[in-house]
Amino acid sequence: MKKVVMALVFMVFSTMVVAQEKNKKLSFEVDGKCDMCKTRIEKAALGVKGVKYALWDIPTHQLTLIVDERKTDPMKIKTALVAVGHDTKELKASQEAYDSVHPCCKYREDDSDDSGRH
């Protein structure tokens, strides 16, 4: 009887551990300027398998994410961001990708107000 109880306890515990998702909160800087950038950045991040939540803050340029660590990692997300024209500290968008963003979103050479309004 003791073995049966221990086996059941072990099975319940194992199921709980397996059922738990490996979610992790991440945050890093992504270059951009406005609401159009915000939409583009968040859409690119959410397009990466394993990203469950993405919020880019215009004034701070911080992208906050909740990701399933089993399905993605920060470099996969950063690769998706540079593909749509937004630089991170580790990766830079190609000139072609950067040139594809709307003219008001050109953050590299423009030091204008980052109010986020268009």
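Author: One term before we start: a charge sits over a ring if NZ of Lys or CZ of Arg is within 6 Å of the ring centre and within 35 degrees of the ring normal. Also keep in mind that this is a predicted model.

Reader: Okay, so at what distance from the ring centre of Tyr-98 does Lys-106 lie?

Author: The cut-off for a charge over a ring is 6 Å from the centre. Lys-106 meets it, lying over the face of Tyr-98. Arg-108 lies over the face of Tyr-98 too, at 4.2 Å from the ring centre. For Lys-106, the distance is 4.7 Å.

Reader: And how is the aromatic pair of Tyr-98 and Tyr-107 arranged?

Author: A search of the whole structure turns up 1 aromatic pair. In that pair, Tyr-98 and Tyr-107 are 5.0 Å apart, centre to centre, with 85° between the planes. Planes over 60 degrees apart count as edge-to-face, so Tyr-98 and Tyr-107 are edge-to-face.

Reader: Is Tyr-107 buried or exposed?

Author: Its partner Tyr-98 has a relative accessible area of 2%, which makes Tyr-98 buried. Buried means under 20%. Tyr-107 comes in at 10%, so Tyr-107 counts as buried.

Reader: How many disulfides does the structure hold?

Author: A disulfide needs two cysteine sulfur atoms within 2.5 Å. The sulfur of Cys-37 has its closest cysteine sulfur in Cys-105, 3.6 Å away, so that's too far for a bond. The sulfur of Cys-105 is 3.5 Å from its closest one, in Cys-34, again too far. The number of disulfides is 0.

Reader: What is the relative accessible area of Cys-105?

Author: Cys-37 is buried, at 0%. Cys-105 is buried as well, and its relative accessible area is 0%.

Reader: Let's zoom out. In what order do the elements run from the N terminus on?

Author: The protein has 4 helices and 3 strands to place. Reading along the chain from the N terminus, the order is α-β-α-β-β-α-α.

Reader: Which element gives the largest share of the largest nonpolar core?

Author: This core has 21 residues, and Leu-63, Leu-65, Ile-77 and Leu-81 touch the most other members. Two or more residues each come from strand E1 (23-29), helix H2 (35-46), strand E2 (51-56), strand E3 (62-68) and helix H3 (74-83). The largest share is 4 residues, and they come from H2.

Reader: What do the buried residues of H2 pack against?

Author: The buried residues here are Cys-37, Arg-40, Ile-41, Glu-42, Ala-44 and Ala-45. Leu-81 is in contact with some of these, including Ile-41, Ala-44 and Ala-45. As for elements, the buried residues of H2 pack against E2, E3 and H3.

Reader: How far apart are the end C-alpha atoms of H2?

Author: The expected span is 1.5 Å times one less than the number of residues. H2 has 12 residues, so 16 Å is what it should span. The end C-alpha atoms agree with that, at 16 Å.

Reader: Last one: is Asn-23 buried, exposed or partly exposed?

Author: Asn-23 lies in strand E1. Leaving aside neighbours within four places in sequence, Asn-23 is in contact with Lys-52, Ile-66, Val-67 and Asp-68. Exposed would need over 50% and buried under 20%. At 40% relative accessibility, Asn-23 is therefore partly exposed.

Conventions. Residues numbered from 1 in each chain as written. Predicted model: local features only at pLDDT ≥ 70, side-chain atom pairs only at ≥ 80, totals over all residues. Heavy atoms only, no water. Buried < 20%, exposed > 50% of the residue type's maximum accessible area, 1.4 Å probe, protein only. Phe/Tyr/Trp six-rings, centres within 6.5 Å; stacked < 30°, edge-to-face > 60°. Core = buried A, V, L, I, M, F, W, Y, C linked by side-chain atoms within 4.5 Å. Contact = heavy atoms within 4.5 Å.
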